[in-house]
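Please work through the exercises below with the sequence and the coordinates open beside you, and try each task before reading its solution.

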Amino acid sequence: MQFVGIDLHTNRFTCCYLNEDGKEKTMRTFELSPEDLKGFYKTLTRDTIVLIEATVNTFDFAKLFRHAVQEVIIANTYQLKNINLSDKKTDKVDADKLARMLKLQVLGGEKLIVGVTIPPKEISDLRSLFASYRIIRKQITQTKNRIHSLLKENLYPFIKEYIFGKKTRKAIRSISQDQILSFRINFWMDSLERLESSFGILEERIKIAGAPFMKEIDILSSLSSLSVITALAIIADIIDVSRFRNSKKFASYLRSAPRVESSNEHTIIKSTNKAGRKLSITLLSQSLNHFRDSNKKLNAWYGRLSIYKKKGVVRMALCRRVFTEIYQVLKKNEYHRFINPRLHGKKMLEYKNLLERNNIVFQENYQIPA
């Protein structure tokens with residue numbers, strides 16, 4: 001058996017090869033070029049197990065050779081930070097650490113690292129689109145803040161809802177006779193409208209890319225306050241609900257469950273699981289009030305907790321409650337118990353019409369219990 005730890009970079013990667021008997025260690029560095037990759041493939045066998053740290057290009061790199069080895073394990077970066085075997089930082093040291101951790105895990109039975117799931121292409125495409133989605137959304141917020149700041153500086157005390165309303169933007173553009181101020185306001189307004197146009201195109205592209213997950217979207221959109229976009233964000237994060245043993249694991253992976261440490265009589269509530277994904281919690285937290293308002297029981301529960309707990313703690317607890325309901329409907333393959341049939345039908349009709357306008361074929365013959 002051969003253990004290989006790989007320290008992967010943008011243009012090259014360093015490999016540490018360890019044999020099962022531990023008598024031989026080899027270090028080699030390869031370029032990410034067709035010629036060097038051929039040389040790397042020759043060093044692998046069906047008895048090889050590989051460990052790589054998760055980076056932006058790890059998944060595509062692993063797909064190149066995982067068919068030729070026994071197993072490829074992709075380690076979460078946050079997990080590796082908690083396992084420090086050396087303070088020295090070089091590519092060879094990093095590759096050596098990975099190889100030794102891998103050998104210890106396989107031969108010693110120590111579960112040091114839980115491998116990251118390599119997503120299928122449809123999920124990879126969704127995740128890459130959502131990365132652009134978050135960047136543009138952030139740029140829109142920054143641009144709006146800049147316009148608002150300009151107006152406040154010059155004693156125009158308008159709230160954001162007024163400044164960026166469809167009917168008032170024209171008035172805001174011509175609000176000042178000062179040439180420099182007028183130029184700056186119109187410059188940022190033009191930038192904002194370009195970003196908003198790009199954002200709309202990107203949002204439509206995400207919905208089109210989500211067509212293979214029509215059944216999951218149908219189930220998730222049965223939660224009254226869950227949009228198609230948020231449903232697709234959840235799908236992109238989790239890949240498949242069957243990966244999670246229970247709702248606690250599900251909520252923890254989506255960064256809504258805090259870590260708890262206890263010693264003797266002391267209990268410490270720490271931050272949420274940094275090894276999980278954060279896209280879903282980011283989008284969900286922005287529409288939490290809609291979830292609360294759409295469910296009287298949830299609203300009453302939120303009100304009771306708010307009396308004696310901090311607002312941030314209660315909001316995170318509400319996120320966990322919503323993720324638990326999401327887990328249950330996906331696991332049971334059924335609509336939410338408080339479904340609004342009219343609203344749900346409207347969301348799905350709009351989504352299907354979008355796919356049909358773009359000549360996208362989607363699944364319609366699935367069965368979901370009423």
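The exercises that follow concern a predicted model, and they go from the whole chain to single residues and charged pairs.

**Exercise 1. The chain as a whole**

Task: Describe the protein chain by its secondary structure, its extent, its burial and its charges.

Solution: Begin with the secondary structure, where the protein chain has 16 helices and seven strands. Next take the extent of the C-alpha trace, which spans about 75 × 55 × 55 Å along its principal axes. Turning to burial, one finds that 43% of the 370 residues are buried, while the chain exposes about 21100 Å², of which carbon and sulfur atoms supply 51%. For the contacts, consider those between residues at least 6 apart in sequence: 61% of these join residues at least 24 apart. Finally, the chain carries 64 positive and 38 negative side chains, and the centres of these two sets lie 7 Å apart.

**Exercise 2. The surroundings of Phe 3**

Task: Determine whether Phe 3 is buried or exposed, and which residues it touches beyond its sequence neighbours.

Solution: First locate Phe 3, which belongs to strand β1, residues 2-8. Its relative accessibility is 0%, and because buried means under 20%, Phe 3 counts as buried. Then list its contacts, leaving out residues up to four places away in sequence: among them are Cys 16, Tyr 17, Glu 20, Ile 49, Leu 102 and Val 106. Two of these partners can be followed outward.

- Glu 20 sits in the loop between β2 (12-19) and β3 (25-31), is partly exposed at a relative accessible area of 42%, and joins Asp 21, Glu 24 and Asp 47 in a negative surface patch.
- Val 106 lies in helix α4, residues 91-108, is partly exposed at 34%, and forms a nonpolar surface patch of about 220 Å² with Met 1 and Leu 107.

**Exercise 3. Salt bridges**

Task: Find how many salt bridges the whole structure holds, and examine how Arg 12 and Asp 237 are paired.

Solution: As background, side chains of opposite charge can pair when their charged atoms come close. A search of the whole structure gives twelve salt bridges. In one of them, Arg 12 pairs with Glu 31, and the closest N and O atoms are 3.1 Å apart. Since Arg 12 lies in strand β2 and Glu 31 in strand β3, this pair ties together parts that are 19 residues apart in sequence. Both partners are partly exposed, Arg 12 at 33% and Glu 31 at 32%.

For Asp 237, the partner is Arg 277, with the closest N and O atoms 2.7 Å apart. This pair links distant parts of the chain, given that Asp 237 is in helix α10 and Arg 277 is in the loop between β7 and α12, 40 residues apart. Here Asp 237 is buried at 0% relative accessible area, whereas Arg 277 is partly exposed at 26%.

**Exercise 4. A buried lysine**

Task: Establish which side chain of opposite charge is nearest to Lys 347.

Solution: Place Lys 347 first, in helix α16, residues 341-357. The nearest side chain of opposite charge is that of Asp 218, 9.2 Å away, and Lys 347 is buried yet has no salt bridge. Its contacts, leaving aside neighbours within four places in sequence, are with Ser 221, Leu 223, Ser 224, Leu 226 and Val 228.

Key:
Residues numbered from 1 in each chain as written. Predicted model: local features only at pLDDT ≥ 70, side-chain atom pairs only at ≥ 80, totals over all residues. Heavy atoms only, no water. Helix = DSSP H or I, 4+ residues; strand = E, 2+ residues; numbered from the N terminus. Buried < 20%, exposed > 50% of the residue type's maximum accessible area, 1.4 Å probe, protein only. Contact = heavy atoms within 4.5 Å. Patch = residues over 30% accessible without salt bridge, like charges linked within 9 Å, V, L, I, M, F, W, Y side chains within 5 Å. Areas by Shrake-Rupley, 256 points an atom, 1.4 Å probe, with all protein chains shown as cover. Salt bridge = Lys/Arg side-chain N within 4 Å of Asp/Glu carboxyl O. Lys, Arg positive; Asp, Glu negative; His and termini not counted. Charge placed at Lys NZ, Arg CZ, Asp CG, Glu CD.
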